[in-house]
Amino acid sequence: MRIDVVTLFPEFIAQCAGFGVVGRAQERGLLRLQGWNPRDHAEGGYRRVDDRPFGGGPGMVMMIEPLRACLAAARAADATPAPVVYLSPQGGPLTQAKVRELAARPRLILLCGRYEGVDERLLAAEVDEEISIGDYVLSGGELPAAVLIDAVARLQDGALNDAESAAQDSFEGDGLLDCPHYTHPARHELGEVPAVLRSGDHAAIARWRRQQSLGRTWLRRPDLLDEAALSKADRALLEAFRQAQEGEGGR
Ligand code: 9WO
């Protein structure tokens with residue numbers, strides 16, 4: 001997959017994507033990232049990319065022409081057609097389902113705004129999809145772009161090692177929250193590892209983990225449970241979790 005990022009801070013994106021799974025995906029040739037700076041397409045000695053808003057008010061707005069020329073250059077770098085995605089709080093939510101959809105594309109162009117935003121005419125003419133990573137305002141679209149790149153990179157075939165892929169298979173598909181994890185030591189002043197995890201009974205362990213996932217989703221994100229397709233066995237596990245929770249008095 002190829003991702004071109006139009007941003008006033010291309011080195012920021014390169015830094016963000018240089019480590020871990022995303023860095024490895026690039027090294028393995030599964031992901032090709034390239035940054036494009038609208039300032040390189042701006043005219044005049046000052047290389048202006050922003051101007052004052054019509055109608056007045058504070059702040060600056062990104063101008064049409066440097067962005068249009070920069071997008072054209074990014075688009076022309078490869079023959080594969082690419083949808084342009086604008087990262088903004090006005091976009092639709094970035095969910096794991098949306099990540100899966102984007103990860104399946106051969107190519108994306110991400111547009112990162114700065115200041116108070118981008119001239120609406122450029123957005124109307126060039127942007128295919130507007131995406132938000134959450135309901136908060138940042139100082140630009142670069143961090144959201146890095147988030148999208150990370151989420152999409154790890155879904156490329158071969159990006160994860162075997163252990164990471166197995167973890168993904170068991171948790172990412174079903175829309176539930178993850179279960180708790182423990183490692184050595186088994187006994188510690190902060191608490192003991194649940195006995196079932198040390199029992200060697202793999203069926204019991206799988207059941208316990210599923211129950212914890214269901215229970216935590218019920219406690220912390222009941223909205224996700226409405227969407228999850230629960231089996232009869234899931235409902236029984238969750239009911240038992242609720243009973244135990246009542247006895248315990250919660251946390
Ligand atoms: C600035 C501003 C100032 C006063 C009142 C409202 C305001 N909104 C903005 C604004 O949205 N600025 C944006 C900064 C312009 C586009 C790039 N910026 C941005 C993107 N901030 N936050 C995002 C973003 C993108 C995706 N998901 C979450 C947040």
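**Exercise 1. The character of the ligand shell.** State how the residues of the shell around the ligand divide into nonpolar, polar and charged.

*Solution.* The structure is a predicted model. In the shell around the ligand, 10 residues are nonpolar, seven are polar and one is charged. Altogether, 18 residues surround the ligand. The closest of them are Y86, S88, E116, I133 and L138.

**Exercise 2. Backbone contacts and burial.** Identify the residues whose polar backbone atoms lie 2.8 Å and 3.0 Å from a nitrogen atom of the ligand, and then state how much of the ligand the protein buries.

*Solution.* Begin with I133: a polar backbone atom of this residue is 2.8 Å from a nitrogen atom of the ligand. Continue with L138, where a polar backbone atom is 3.0 Å from a ligand nitrogen. Finally, consider the surface: the ligand taken alone exposes 600 Å², of which the protein buries 74%.

**Exercise 3. Elements around the ligand.** Determine which elements give two or more residues to the shell around the ligand, and which gives the most.

*Solution.* Two or more residues come from β5 (84–93) and from β7 (129–132). Of the elements, β5 gives the most, contributing four residues to the shell.

**Exercise 4. L138 in two settings.** Locate L138, and explain why its exposure allows a place in a surface patch.

*Solution.* L138 lies in the loop between β7 and α6 (142–153). Its relative accessible area is 39%, and L138 is therefore partly exposed. Patch residues need over 30% relative accessible area, so L138 meets this cut-off. The patch in question is a nonpolar one of about 440 Å², made by F9, F12, Y136, L138 and L143. L138 is also among the closest residues to the ligand.

**Exercise 5. Positive phi values.** For R47 and Y115, give the phi angle, the location and the degree of exposure.

*Solution.* Take R47 to begin with. Its phi is near 55 degrees, a positive value in a residue other than glycine. R47 sits in the loop between β2 (32–36) and β3 (50–51), and with 38% relative accessibility R47 counts as partly exposed.

Turn next to Y115. Phi of Y115 is near 55 degrees, which is again positive in a non-glycine residue. The loop between β6 (107–112) and α5 (120–126) holds Y115, which is partly exposed at 37% relative accessibility.

**Exercise 6. A cis peptide bond.** Describe the peptide bond from H184 to P185 and locate P185.

*Solution.* The bond from H184 to P185 is cis, and its omega is near 5 degrees. P185 belongs to the loop between α7 (162–171) and β8 (187–188).

Definitions and conventions. Residues are numbered from 1 along each chain as its sequence is written. This is a predicted model: local features need pLDDT of at least 70, side-chain atom pairs count only at pLDDT 80 or more; totals for chains, interfaces and linings use all residues. Side-chain values use heavy atoms; hydrogens and water are left out. A residue is near a molecule or strand if one of its heavy atoms lies within 4 Å of it. A polar contact is a pair of N or O atoms within 3.5 Å; within protein, one must be able to donate a hydrogen and the other to accept it, and residues adjacent in sequence count only if both atoms are side-chain atoms. Accessible areas come from the Shrake-Rupley method with a 1.4 Å probe; for residues, only the protein chains shown count as cover. Ala, Val, Leu, Ile, Met, Phe, Trp, Tyr, Cys and Pro count as nonpolar, Asp, Glu, Lys and Arg as charged, and the others, Gly among them, as polar. Patches are made of residues with over 30% relative accessible area and no salt bridge: like charges are joined within 9 Å, nonpolar side chains (Val, Leu, Ile, Met, Phe, Trp, Tyr) within 5 Å. A salt bridge is a side-chain nitrogen of Lys or Arg within 4 Å of a carboxyl oxygen of Asp or Glu. Buried means under 20% relative accessible area, exposed over 50%, partly exposed in between (1.4 Å probe, protein chains only).
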